[in-house]
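Biologist: Hello! Could you walk me through this structure, a few questions at a time?
Modeller: Gladly, let us look together.

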Amino acid sequence: MSLFKAGRSEDKIEQLIDYIEHSNHIVATTGAGISVGGGGVTYAQMLFSSRGSGRMKRGEDYYSSFLPTYLENMFSYNPSYSHYALKDLEDEGKMLGIITTNVDCMHTIAGSKNVAEIQGSLQVNCCSSCNKHYDGYEIWKQENLPRCEACGGEILPWPLYSHIGLWDDDVRKARNWISQADLILAIGTRGNYSDTYWSYRNRDAAIVQINPGHTGFDSIADLNIREECDDVFKKLTKRRSENG
């Protein structure tokens, strides 16, 4: 049961505003649905299209056929409207943190500071030979496969290097934030990764889901908004501005 209930309005945007205005420790959990509004492809789409026989490509062939296609999208398209809206909530002091399974760094590019990328991202990179870290997405802004300055080995992004393993530092952040949340926004994500972080949530936190499709959040959300997240946040921004 949540700490508060939204007002009696049947207008779901007004209900969302009510939740936000009565919250000071908002945590957003985001998935691929928040990124597609920016125009790019998701890493999952590119990953599965690259597997072929079921094994992920590596080396120069991998870089020339797969990664640049993804990176071209990543650096050619902007974060979505929703990414920037969450950054604005952080600037207001309402957003405690963002938990995401996305690896595209778009929350960081949009300007959010408190982001837990629980499956790592293209900001977490490692030499496949000597394990030297090269963190920051800027390393991928080049035409050739990045090589380790220490040993010459291939530099791989964490999701590939770890076979889509968890990034423990950010998992700890996610658990800490969600344990303090008074409002959880589930945006464009289908699952809650229960044992990874969801089971650590504050059970009194209200849950609002923003997703046009049906997901595992349907039965536990206090409010389900069946729309694309960019459309919701545009309406939200406009209404909050009108309300002063």
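**Cysteines, a helix and a contact**

Modeller: To start with the cysteines, this predicted model holds zero disulfides.

Biologist: Why is Cys127 not in a disulfide, and how far is its sulfur from the closest cysteine sulfur?
Modeller: A disulfide needs two cysteine sulfur atoms within 2.5 Å. Cys127 is buried, at a relative accessible area of 0%. The closest cysteine sulfur to that of Cys127 belongs to Cys151, and it is too far for a bond, at 3.5 Å.

Biologist: And which cysteine has the sulfur closest to that of Cys148?
Modeller: Cys148 is buried too, with 5% relative accessibility. Its sulfur is 3.6 Å from the closest cysteine sulfur, which is too far for a bond; that partner is Cys130.

Biologist: Which strands do the buried residues of H8 pack against?
Modeller: Helix H8 covers residues 168–180 and reaches 19 Å from first to last C-alpha, close to the expected 18 Å. Its buried residues are Asp170, Val171, Ala174, Trp177 and Ile178. They span an arc of only 130 degrees around the axis, so they lie on the same side of H8. The buried residues of H8 pack against S1, S2, S3 and S6.

Biologist: Leaving aside neighbours within four places in sequence, which residues is Phe75 in contact with?
Modeller: Phe75 sits in helix H4, residues 67–76, and is partly exposed at 30% relative accessibility. Phe75 and Trp140 are 65 residues apart in sequence, with their C-alpha atoms 9.5 Å apart in space. Beyond neighbours within four places in sequence, the contacts of Phe75 are Tyr137, Trp140 and Lys141.

Terms used: Residues numbered from 1 in each chain as written. Predicted model: local features only at pLDDT ≥ 70, side-chain atom pairs only at ≥ 80, totals over all residues. Heavy atoms only, no water. Buried < 20%, exposed > 50% of the residue type's maximum accessible area, 1.4 Å probe, protein only. Helix = DSSP H or I, 4+ residues; strand = E, 2+ residues; numbered from the N terminus. Expected span 1.5 Å × (residues − 1). Arc of directions from axis to C-beta. Contact = heavy atoms within 4.5 Å.
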